[in-house]
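Hello,

Here is the structure I promised to pass on. Please open it next to this email and follow along. My notes come below it.

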Amino acid sequence: MAGFFTRRENTPGMLVIITLYFAGLAYFLFKLARMWQPNGPRYKLYNPVRRPLTTFAVITVILIVLTIVNACMCTANFGRGLKPHITGRKMESEEEKLANHNMTEMPNYNYGYGPGPGGAMGSRMTID
């Protein structure tokens, strides 16, 4: 959804997405703090998985913070000319078109052979 709103430069949509990112960040921080509370009701239940869950939560928190920063930067740049770069293409000069035309078109190897537009039969030798 964030990509959809960014491509269309939809500020209200991006604000909703950033709010959801903050909610996800709060959830992971809450779970991380609750897992390490020594007087918590489930402190002993987390013993076998405390280290892997902590690693996962820390990596997730870092990635969510980086995602929030990226979303804020994209939102701040709305209306500054990003949309034409995403939706449009650069116009090529005539020289570039001619140079690139030969590189992208496949040659027509059927010209002159067979019953196609090149004629009835080509000059290929066959053994009968």
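Contact here means heavy atoms within 4.5 Å. By that rule, and leaving out residues up to four places away in sequence, R50 touches M35, W36 and Y43. Please keep in mind that this is a predicted model.

Overall layout

The chain has 5 helices and 0 strands. Along the sequence the pattern reads α-α-α-α-α. The chain holds 128 residues, and 19% of them are buried. Its accessible surface is about 10700 Å². Carbon and sulfur atoms account for 63% of that surface. Take the contacts between residues at least 6 apart in sequence: 52% of them join residues at least 24 apart.

R50

R50 sits in helix 3. Which side chain of opposite charge is nearest to R50? That is E9, and E9 is 45 Å away. R50 is buried but has no salt bridge. What lies 3.4 Å from a polar atom of the R50 side chain? The backbone oxygen of M35 does.

T54

T54 is also a helix 3 residue. Is T54 buried or exposed? The cut-off for buried is under 20% relative accessible area. T54 has 17%, so T54 counts as buried. The T54 side chain makes a polar contact with the side chain of W36, at 2.8 Å. Not counting residues up to four places away in sequence, T54 touches L32, M35 and W36. M35 and W36 are thus touched by R50 and by T54.

The nonpolar patch

Now to the surface. Five names to find there: V58, I59, I62, L63 and L66. These residues form a nonpolar patch with about 450 Å² of accessible area together. I59, one of the patch residues, lies in helix 3, which spans residues 50–76. Why does I59 count as partly exposed? Partly exposed covers the range between 20% and 50%. The relative accessibility of I59 is 46%, so I59 falls in that class.

E9

Last, a backbone detail. E9 lies in the loop between helix 1 (2–7) and helix 2 (11–35). Phi of E9 is near 50 degrees. That is a positive value in a residue other than glycine. E9 is also the residue named above as the nearest side chain of opposite charge to R50.

Where to look

For a quick tour, start at R50 with M35, W36 and Y43. Then go to T54 and its polar contact with W36. Finish at the patch and the E9 loop.

Best wishes

Conventions. Residues are numbered from 1 along each chain as its sequence is written. This is a predicted model: local features need pLDDT of at least 70, side-chain atom pairs count only at pLDDT 80 or more; totals for chains, interfaces and linings use all residues. Side-chain values use heavy atoms; hydrogens and water are left out. Helices (H or I, at least four residues) and strands (E, at least two) are DSSP runs, numbered from the N terminus. Buried means under 20% relative accessible area, exposed over 50%, partly exposed in between (1.4 Å probe, protein chains only). Accessible areas come from the Shrake-Rupley method with a 1.4 Å probe; for residues, only the protein chains shown count as cover. Patches are made of residues with over 30% relative accessible area and no salt bridge: like charges are joined within 9 Å, nonpolar side chains (Val, Leu, Ile, Met, Phe, Trp, Tyr) within 5 Å. A salt bridge is a side-chain nitrogen of Lys or Arg within 4 Å of a carboxyl oxygen of Asp or Glu. Lys and Arg count as positive and Asp and Glu as negative; His and the chain ends are not counted. A polar contact is a pair of N or O atoms within 3.5 Å; within protein, one must be able to donate a hydrogen and the other to accept it, and residues adjacent in sequence count only if both atoms are side-chain atoms.
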